[in-house]
Amino acid sequence: MRPVIDIRNVHRIFESEAGCAHILHNVSLAVNPGEFVAITGPSGSGKSTLMNILGCLDKPTAGSYYLQGLNVAELDDDELTEVRALSIGFVFQSFNLLMQRTCLKNVCFPMELSGVPRAQAEKKAQELLELVGLKEKANAYPSQLSGGQKQRVAIARALATDPKVLLCDEATSALDPTTTNSILSLLKELNQKLGVTVVIITHQMSVIEEICTRVAILDGGAVAEEGRVEDIFAHPSTDAARRLV
């Protein structure tokens, strides 16, 4: 089975007048189709930088990133934008909904950008809102929704282009425990029902233990430990893992 995500020996260095900041060090990570993988680590460990590379928002300084067999590091900006639009869905902590648009129009938005006809986009948006349990909120605005409902709309929007990978950046950290559990259950259901690969960045170890199959622990910009969740939680082999679990 070919990984849907295959990062090999990735480095990310940022240069400025103050000097060079080496954020990622020789990071390698493979994610197979349909997996539910967590990336975690302390603040400053490189999680956000790695997420930007996974989401085709940034490129490695060195190393390679294969997304569905395509070497992202070799693409120009236009090609990168096209791959990002078609292959990746994003779910953020802050929801990032368009406040002047209804739920239906929010879900339609990425399809509009892709040139999908209006009637077709609205039909699919209705189906996605039903899938996430918000069919009755199609004409509501984000200001009329709870935090959990906003995140459900954001998840529906992320699925609008039939992405192969759903990237979730601290998607539950702004929610209360009950709402967190409902969003996690939804993500797991979508993972199983749609077969979409899910990569979640989180500092909440309960989230990882609850729904993820594998976890990669970053420390100082490098992968300190990676493996099955139950194995790492039961027998952490590095100080970085022991500090977290």
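In the predicted model, the sulfur of cysteine 212 lies 9.3 Å from the closest cysteine sulfur, which belongs to cysteine 168, and this separation is too far for a bond. A disulfide would require a pair of cysteine sulfur atoms within 2.5 Å. Cysteine 212 has a relative accessibility of 8% and therefore counts as buried. Cysteine 56 is also assigned as buried, because its relative accessibility is 0%. By the distance rule, the number of disulfides comes to zero. Cysteine 56 accordingly takes part in no disulfide, the nearest cysteine sulfur, that of cysteine 168, being 16 Å away.

The model further contains an open sheet of six strands with mixed pairing, arranged in the order β6-β7-β8-β3-β9-β10. Its edges are formed by β6 (88-92) and β10 (222-228), each of which pairs on one side only. Direction ignored, neighbouring strands of this sheet are turned by 15° against each other on average. Strand β9, comprising residues 214-219, runs antiparallel to β10 and is joined to that strand by six bridges. Within this pairing, leucine 218 has valine 223 of β10 as its bridge partner.

Two helices pack on the sheet. Helix α2, spanning residues 77-87, touches β6 and β7 (165-169), and its direction makes an angle of about 75° with that of β6. Helix α5, formed by residues 147-158, likewise packs on the sheet with contacts to β6 and β7; the direction of α5 makes about 170° with that of β6.

Key: Residues are numbered from 1 along each chain as its sequence is written. This is a predicted model: local features need pLDDT of at least 70, side-chain atom pairs count only at pLDDT 80 or more; totals for chains, interfaces and linings use all residues. Side-chain values use heavy atoms; hydrogens and water are left out. Two strands pair if DSSP finds at least two bridges between them. Helices (H or I, at least four residues) and strands (E, at least two) are DSSP runs, numbered from the N terminus. Axes are lines fitted to C-alpha atoms, for helices over the stretch in contact, and angles run from 0 to 180 degrees between N-to-C directions. Contact means heavy atoms within 4.5 Å. Buried means under 20% relative accessible area, exposed over 50%, partly exposed in between (1.4 Å probe, protein chains only).
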